[in-house]
Amino acid sequence: MRRDPVRDLTVRAVLFKGTRDLLPIYALYGVLFADHGLSTAQISLLLALWSVTAFVLEVPSGAWADTVSRRGLLILSCVLQAACFTIWMLAPSFAGFAVGFVVWGIAGALESGTFEALIYDDLVAREKPSAYASIMGWARGAQESTVLLAILAAAPLFALGGYALVGWVSVAIGVIHTLAALALPSAPVAISATAVDDLDDDPEPVGPHVKQVAVAPQSNSPSTAHGTSSRYLSMLKTGVAEALHVRRVRRGVLLGALLYGVTAFDEYFGLLAVSGGASTSTTALLVGVTVAGSLTGSLLAGRTESLSSRTFAAAMFLAGILFIAGALAVGAAWIWIGFIGIGIAYGIDFNAEVVAGARLQDAIEGPARATVTSVSGLLSEIVALAVFAFVATATRYLSMSTTIALLGTILLATALLTPTWMPPRPAD
């Protein structure tokens with residue numbers, strides 16, 4: 001019996017994304033920092049440092065992924081992520097946490113855009129790009145489900161061995177994640193480089209049912225430093241130009257940045273739960289509710305990809321209302337009701353983000369796919385930095401629940417932009 005190539009790729013993608021966030025430390029690192037004497041402002045500074053690192057390296061790393069082996073960069077990303085938690089366990093101080101976040105930021109920049117480009121181009125090489133949204137939905141679903149498992153495991157692990165056990169288990173998962181990266185394919189770039197000059201603001205329709213020309217797979221053979229640098233600069237220029245000058249790509253990049261950037265809210269969910277009176281163990285369960293919502297939204301992406309942009313806009317507006325009401329409910333001591341509302345809102349946002357990401361990949365025409373995707377990642381880091389700066393400032397004058405509720409207005413603004421910014425679904 002012949003193996004189904006799409007199913008095989010789905011399994012590999014699920015294993016990679018599933019092990020990426022199977023980290024029990026996710027549920028408690030905000031509380032970990034607080035228990036080591038850090039203030040909310042210091043925690044926000046650490047999170048901002050994390051985002052700044054990814055911000056600086058986001059687009060350069062995307063161009064590098066269009067120049068050298070994408071799988072090789074993903075393997076390096078996995079190693080660095082495991083190194084972050086090792087540093088935290090060996091040096092649990094503000095300085096140690098800061099160094100760890102820098103390392104983690106580098107890891108995130110290397111992975112952002114690289115994984116999506118590798119999967120899409122592999123599907124194009126197999127003449128199956130229409131399967132991208134479904135595969136990414138399953139991959140994101142696996143990511144969110146393992147986050148949920150990790151969060152549920154955080155409470156018993158903490159009870160058994162405190163932060164040390166939670167941290168070292170996370171390091172071990174990082175090693176497993178590296179092994180999963182080794183199993184990923186090495187896909188060719190799915191368009192001829194000569195097509196770069198044809199990119200314009202009103203390109204011919206290109207979608208999952210239009211056959212593209214694949215160039216040779218990325219080579220790991222020795223080459224001159226000048227040649228590699230020239231290819232790198234060419235990819236960087238091409239990717240940034242397409243992201244800025246092709247209208248539907250530009251709007252897709254901006255929308256993806258907003259939809260993904262607002263997920264920076266979840267860095268404060270643990271602190272929100274504690275502010276509402278939840279214990280450390282209960283906090284892990286409450287954060288798990290939001291993960292369950294994002295998991296559900298991701299898994300439904302394959303079913304909702306055919307919906308209109310106006311339908312997604314209405315759903316995002318509902319998400320904004322639920323998020324704001326949920327945050328205020330936590331402040332009123334209705335903790336579980338509040339987190340259920342936040343979880344539903346997160347599910348809607350994650351669903352829209354997966355679908356918007358798939359449509360962006362369909363809209364990209366040039367060879368610098370990872371670079372274009374990384375531009376969206378760069379802009380999402382700007383959104384995240386704005387969130388961190390706002391929380392650091394607002395919590396000096398407002399309660400945590402009121403501060404988080406105000407962040408929900410970003411979801412409402414995104415709903416207004418979705419009808420015109422979401423790239424159209426490619427015609428069959």
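A nonpolar core is a set of buried Ala, Val, Leu, Ile, Met, Phe, Trp, Tyr and Cys residues joined through side-chain atoms within 4.5 Å. Buried, in turn, means under 20% relative accessible area, exposed means over 50%, and partly exposed is what falls in between (1.4 Å probe, protein chains only). Keep both in mind for this tour.

Before you click anything: this is a predicted model, in which local features need pLDDT of at least 70 and side-chain atom pairs count only at pLDDT 80 or more, while totals for chains, interfaces and linings use all residues. Residues are numbered from 1 along each chain as its sequence is written, and side-chain values use heavy atoms, with hydrogens and water left out.

**The whole chain**

Start with a cartoon view. You have 17 helices and zero strands (DSSP runs, H or I of at least four residues for helices, E of at least two for strands, numbered from the N terminus). Of the 428 residues in the chain, 57% are buried. Take contact to mean heavy atoms within 4.5 Å: of the contacts with a separation of 6 or more, 84% join residues 24 or more positions apart.

**The largest core**

Now select F33, W88 and I119. In the largest nonpolar core, which has 96 residues, these three touch the most other members. Colour helix α7 (residues 132-182) next, since the helix gives the most to this core, with 15 residues.

Which residues does W88 contact, leaving aside its neighbours within four places in sequence? Show I25, Y29, F33, G96, F97, G100, F101 and W104 around W88.

A second core of eleven residues lies apart from the largest one; V59, V253, V372 and L378 are among its members.

**Two stops on α7**

Stay on helix α7 and pick A155. A155 counts as buried because its relative accessible area is 16%. Put a distance on the C-alpha atoms of A155 and T280: 7.8 Å, for residues 125 apart along the chain.

Q143 sits in helix α7 as well. Is Q143 buried or exposed? With a relative accessible area of 8%, Q143 is buried. Beyond residues up to four places away in sequence, Q143 touches K17, G18, R20 and D21.

**α3 against α15**

Select helix α3 (residues 40-65) and helix α15 (residues 369-394). Their axes come within 8 Å and cross at roughly 170°; axes are lines fitted to C-alpha atoms, for helices over the stretch in contact, and angles run from 0 to 180 degrees between N-to-C directions. The two helices are therefore roughly antiparallel, the term for angles over 145 degrees. Their contact is made of 17 nonpolar, six polar and two charged residues (Ala, Val, Leu, Ile, Met, Phe, Trp, Tyr, Cys and Pro count as nonpolar, Asp, Glu, Lys and Arg as charged, and the others, Gly among them, as polar).

Hop over to L236 in helix α8 (residues 225-245). L236 is partly exposed, at 22% relative accessibility. Not counting neighbours within four places in sequence, L236 is in contact with V59, A63 and T371. Its C-alpha is 8.4 Å from that of D66, 170 residues apart in sequence.

**Last stops**

Helix α16 (residues 400-407) is mostly covered, with six of its eight residues buried. Show M400, S401, T403, I404, A405 and L407: these buried residues pack against α10 (269-275), α13 (309-331), α15 and α17 (409-421).

Finish on the cysteines. C78 is buried at 0% relative accessibility, and C84 is buried at 0% too. The structure holds zero disulfides (pairs of cysteine sulfur atoms within 2.5 Å).

Methods:
Parallel < 35°, antiparallel > 145°, perpendicular 65-115°, else oblique.
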